[in-house]
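This briefing walks through one protein model by topic, beginning with how its interior is packed and ending with its unusual backbone positions. Please keep the sequence and the structure in view while reading.

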Amino acid sequence: MRDRIIPPGATIGILGAGQLGRMTALAAARLGYKALSYSPEADAIAGQVAPHMQGEYDDTAALARFAAQVDVITYEFENVPEATVVACEKHKPVRPGVRPIHFAQHRLREKAFFRQAGLGTAAYQAIHTLADVAGATALPGILKTCTDGYDGKGQARVANKEQLAESWEKLGRRECILEALVDFQAEVSAIVARGLDGRTRCFPIGLNDHRDGILRTTTVPSGLPAAVVTEAERLGVRLANSLELVGLVALEMFVTKDGRVLANEMAPRPHNSGHWTIDACTTSQFEQLVRAVCGLPLGAVDVLAPSRMENLIGDEANDWLRYLSDPTARLHLYGKAKARPGRKMGHVTFLTLG
Ligand code: AMP
């Protein structure tokens, strides 16, 4: 095991250079690692805190130069092309590798994988053709494009077949999944780290509140019954093991009104619903990712203070002075130049102290 450890002083390569890459680079620096992020943007925000290399995801020569400068590679978003990861793997270990993004990039593959791994999901069906629309039964439901959807984009609620036909048309007749609408009492997420030795650790389950498909707040502890929390943790760990992942995976779940826990979607990377861990957990999700991909022991995941993380979206980040004046608030701004509507500009974690 010791010979597989990538020790402090080494460089962690990060595919993608947004806020998740930025916070990973900061956590790496704290443990004495260097970081190098890679993305096509000239003004990437991860580049404000650690070196950044500008390159296209299909530029294999640039990817080889990137890989030559690092000891291990991870990614901060699941839509990094599979071919990019394969190209990097020729040079350096990529953790968590190509398998998790193969499933996470495509909603139908993802749901099928959940089922195969023994995780329950909402009823769903593929919508590829007009015949699929005519034969749809998972109604009322949510129609989602199989690829490229995030933060509620590429989704439509549909009550009946007429609305389904209309929405599928609007989505450009793309390959879609229709999921039956879940009448949930709560949304939760499990963030699980899995090390090189196969050991897992699940962060305390967070209670998530979404608005317009975008995460607004995460509250920890969730306040849900112990049986629900245990089940959510079990599913998260089961997923990490089924993926044979080395790194971090977030599993978003629905808690139904009768107490069942259903898998909704996964992200094999740090997750917005884990940002509270920076200020309110013994190990942050970003440090845990660094530990996992470098073969270090995973850190403890005790809650230091009950907390509520709030995303600062668009203009909400202009209120930074108010948060700085609040002794219970821990402010994080991502260094983004323009506050477009719907854009995640930062977050604030409110701690219950004393
Ligand atoms: P997703 O992009 O799949 O994470 O969906 C974004 C949000 O839409 C979720 O967090 C839920 O609030 C809602 N949602 C998605 N799928 C369903 C579903 N099958 N039933 C009810 N609500 C859903």
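Which residues of the largest nonpolar core touch the most other members? Among the 31 residues of that core, Ile12, Tyr33 and Cys294 have this role. The model is a predicted one, and the protein is divided into domain 1 (2–94), domain 2 (123–180) and domain 3 (184–351).

**Nonpolar cores**

- At least two residues of the largest core come from each of strand E1 (11–15), helix H1 (19–30), strand E9 (184–194), strand E12 (214–220), strand E13 (247–256) and helix H10 (285–293), and H10 gives the most, with 4 residues.
- Because domain 1 (2–94) and domain 3 (184–351) both give residues to this core, it lies between them.
- Leaving aside residues up to four places away in sequence, Tyr33 touches Ile6, Pro7, Pro8, Gly9, Ala10, Ile12, Ala28, Val290, Cys294 and Leu296.
- A second core, separate from the one just described, has 28 residues, including Phe114, Ala240, Met253 and Ala263.

**Helix H10**

- H10 is mostly covered, with 8 of its 9 residues buried; these are Gln285, Phe286, Glu287, Gln288, Leu289, Val290, Ala292 and Val293.
- Just after H10, Gly295 takes a positive phi of about 75 degrees.

**The second largest pocket**

- This pocket has a volume of about 330 Å³, and of the 21 residues that line it, Met23, Leu26, Ile278, Ser284 and His332 are the closest to its centre.
- Two or more lining residues are given by each of H1, helix H9 (277–280), H10 and strand E16 (329–333), while the largest share of the lining, 5 residues, comes from H1.
- By class, the lining of the second largest pocket is made up of 12 nonpolar, 5 polar and 4 charged residues.
- Domain 1 (2–94) and domain 3 (184–351) both contribute to the lining of the second largest pocket, so this pocket lies between them.

**Domain spacing and the cavity**

- The centres of domain 1 and domain 2, taken over C-alpha atoms, are separated by 35 Å.
- The structure holds 1 cavity of 30 Å³ or more, and the space in the largest cavity is about 30 Å³.
- Ser189, Ala190, Ile191, Phe203, Pro204, Gly206, Ser273, Gly274 and Trp276 line the largest cavity, with the largest share of that lining, 3 residues, coming from E9.
- The lining of the largest cavity has 5 nonpolar and 4 polar residues, and no charged residues.

**Unusual backbone positions**

- Most residues other than glycine have a negative phi, and most peptide bonds are trans.
- The peptide bond from Arg95 to Pro96 is cis, with omega near 10 degrees, and Pro96 is placed in the loop between helix H3 (82–89) and helix H4 (98–104).
- A cis peptide bond also runs from Leu139 to Pro140, with omega near -10 degrees; Pro140 is in the loop between helix H6 (130–134) and strand E6 (141–145).
- Although Asp212 is not a glycine, it has a positive phi of about 50 degrees; Asp212 is found in the loop between strand E11 (206–211) and E12, and it is exposed, with a relative accessible area of 75%.
- Glu244, a residue other than glycine, has a positive phi near 50 degrees; its place is in the loop between helix H8 (226–242) and E13, and at 58% relative accessibility Glu244 counts as exposed.

Technical notes: Residues are numbered from 1 along each chain as its sequence is written. This is a predicted model: local features need pLDDT of at least 70, side-chain atom pairs count only at pLDDT 80 or more; totals for chains, interfaces and linings use all residues. Side-chain values use heavy atoms; hydrogens and water are left out. A nonpolar core is a set of buried Ala, Val, Leu, Ile, Met, Phe, Trp, Tyr and Cys residues joined through side-chain atoms within 4.5 Å. Buried means under 20% relative accessible area, exposed over 50%, partly exposed in between (1.4 Å probe, protein chains only). Domain bounds come from an automatic or database domain assignment. Contact means heavy atoms within 4.5 Å. On a 1 Å grid over the protein atoms alone, a cavity is a set of points where a 1.4 Å probe fits but cannot get out, and a pocket is an open set with protein on both sides within 12 Å along at least five of seven lines; lining residues have an atom within 4 Å of a point. Grid points are joined across faces, edges and corners, and a volume is the space filled by probe spheres set on the points. Ala, Val, Leu, Ile, Met, Phe, Trp, Tyr, Cys and Pro count as nonpolar, Asp, Glu, Lys and Arg as charged, and the others, Gly among them, as polar.
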